[in-house]
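User: Hi, I have a protein model open and would like to go through it slowly. Could you help me read it?
Analyst: Gladly; here it is, and we can take it piece by piece.

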Amino acid sequence: MNQEMLAGVRVLDFTRVLAGPYCTAMLADLGAEVIKIEPPHGDDQRHMGRMVQGESTNFVLNNRGKKSLRLDLKQEAGQRIARELAAQCDVVIENFKPGVADKLGIGYACLSAQTPGLVYCSISGFGQNGPNADRPSYDVVAQAMSGIMSLTGEPDGAPTLIGESIGDICAGMFAAWGVMAALFHRERTGQGRHVDVAMFDALLAMQPTAMAQYLFGGSAPRRVGNRHPLSSPFGAYAAADGHLVIAAANDKLFRAVAETIGHPELAGDARFVSDGLRSRHDAELRGYIEGWSRQRSVAAAVDAMSRAGVPAAPIQDTAQAADSEQAQVRRLLARATHPVLGETALMEQPVHFSGVERGRVRTAPALGQHSEQVLGALLGLDAAAIAALRADGVI
């Protein structure tokens, strides 16, 4: 058995740059047919990020497995084609600024009226309503306003961006989850749904620890650096040649830490007899741990903690993580042949399903690569009609 999970699901993708394309790439990984609608100049991501031989590697990674239709939505004929294609699809996904899709005649109200079972997903910075709905947003704006940036960094330093476009990625993941839930609902009822996803909402939802401190503590949590805000020892510690992380969030694990660093008496020290007290006295506890770890290499310190049953790990960079045996065994990266870049590594959605083989991803399309194929197969347009659309600059 090797049935792709979303085989037979057709997605019309109006998204660009990152949040939307990340969502639709996840759906394409599971077998959905994703038709990417691009303006005449292409998705902005084609011209952004790391460029190799004139190709955006960011675009290649986030648009794997899709078909590209180059379509001018500013022309009435382009809007008509978009509506006709939507009628042949199960899902429509867009990340225009709220209100733009309606002006183009491809909003939820219009498309759901012609196709009641349509699942329509809108991704934006702040959602389809609220005082900030019309506010332009990029990942940095969402990180800044969601509170997550205020929690990142050293206590006496400036708020720090997370080292990835986490607002886009989280919104893309929640969008994929929302689309799947709406498709399941449609299977049972025949009714479509409008899925409204905001980067701000997604990032706020990703902060249960911070929200627990605020909602039940009465004040906003503050930056604590490379440690857990509520538990200790739980964070990064210096070794002779780098840093490791140690995570001991209960009394049993703390006793193991204390014994490993040669201070078993700490388990009975009044300052450290509970997780809350250990967190309150984190600086003192850190002194004991780093007095031990700074005399050892990262590898030796991690090995000692691991042998004692304490969760610990070296801090790897992206290359070390991607090239690790763990990533290879889990088949987190696949390979495909790109017409310009040749054989390349591609990301693949990380969830493993029984009976579904990994590594079957396809590369990203060239701009407008599938225009004729899509218009012919879905709308029945012949060569003459397609040529006329091309001559008019519609495709």
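Analyst: One term first, since we will need it for the faces of a strand: a residue is called buried if its relative accessible area is under 20%, and exposed if that value is over 50%. Please also keep in mind that this is a predicted model.

User: Okay. Which residues are on the covered face of strand 12, and which are on the uncovered one?
Analyst: In strand 12, which covers residues 333–338, the covered face holds Ala 334, Ala 336 and His 338, whereas Leu 333, Arg 335 and Thr 337 belong to the uncovered face.

User: Why do the two sets take turns along the sequence like that?
Analyst: In a regular strand the side chains alternate between the two faces of the sheet.

User: And how does strand 12 pair with strand 13?
Analyst: The two run antiparallel and are joined by six bridges, with strand 13 made up of residues 342–347. Together strand 12 and strand 13 form a hairpin, with three residues between them, and within this pairing Arg 335 stands opposite Ala 345 of strand 13.

User: Switching topic: what is the strand order in the six-stranded open sheet?
Analyst: The order is 5-2-1-6-7-8, and the pairing in this open sheet is parallel. Strand 5 (66–70) and strand 8 (193–198) each have a single partner strand, so they stand at the edges and one side of each is left without a neighbour in the sheet. From one strand to the next, the twist averages 20°.

User: What holds strand 5 to strand 2, then?
Analyst: Five bridges join strand 5 to strand 2, which spans residues 33–38, and the two run parallel; as an example, Val 34 has Lys 66 in strand 5 as its bridge partner.

User: Now helices: at what angle do helix 1 and helix 7 pack?
Analyst: Helix 1 (residues 19–29) and helix 7 (residues 166–189) pack at about 45°, and their axes are 7 Å apart. That angle makes helix 1 oblique to helix 7, and the crossing is right-handed. Among the residues making the contact are Tyr 22 and Met 26 of helix 1, together with Gly 172 and Val 179 of helix 7.

User: Zooming out, how many helices and strands does the chain have?
Analyst: The chain has 17 helices and 13 strands, and of its 395 residues 46% count as buried.

User: And which domains does the assignment give?
Analyst: The domain assignment gives domain 1, built from 10–206 + 329–392, and domain 2, which covers 234–315; the C-alpha centres of domain 1 and domain 2 lie 44 Å apart.

Notes
Residues are numbered from 1 along each chain as its sequence is written. This is a predicted model: local features need pLDDT of at least 70, side-chain atom pairs count only at pLDDT 80 or more; totals for chains, interfaces and linings use all residues. Side-chain values use heavy atoms; hydrogens and water are left out. Two strands pair if DSSP finds at least two bridges between them. Helices (H or I, at least four residues) and strands (E, at least two) are DSSP runs, numbered from the N terminus. Axes are lines fitted to C-alpha atoms, for helices over the stretch in contact, and angles run from 0 to 180 degrees between N-to-C directions. Buried means under 20% relative accessible area, exposed over 50%, partly exposed in between (1.4 Å probe, protein chains only). Domain bounds come from an automatic or database domain assignment. Angles under 35 degrees count as roughly parallel, over 145 as roughly antiparallel, 65 to 115 as roughly perpendicular and the rest as oblique. A crossing is left-handed if the near helix is turned anticlockwise from the far one by less than a right angle, and right-handed if clockwise. Contact means heavy atoms within 4.5 Å.
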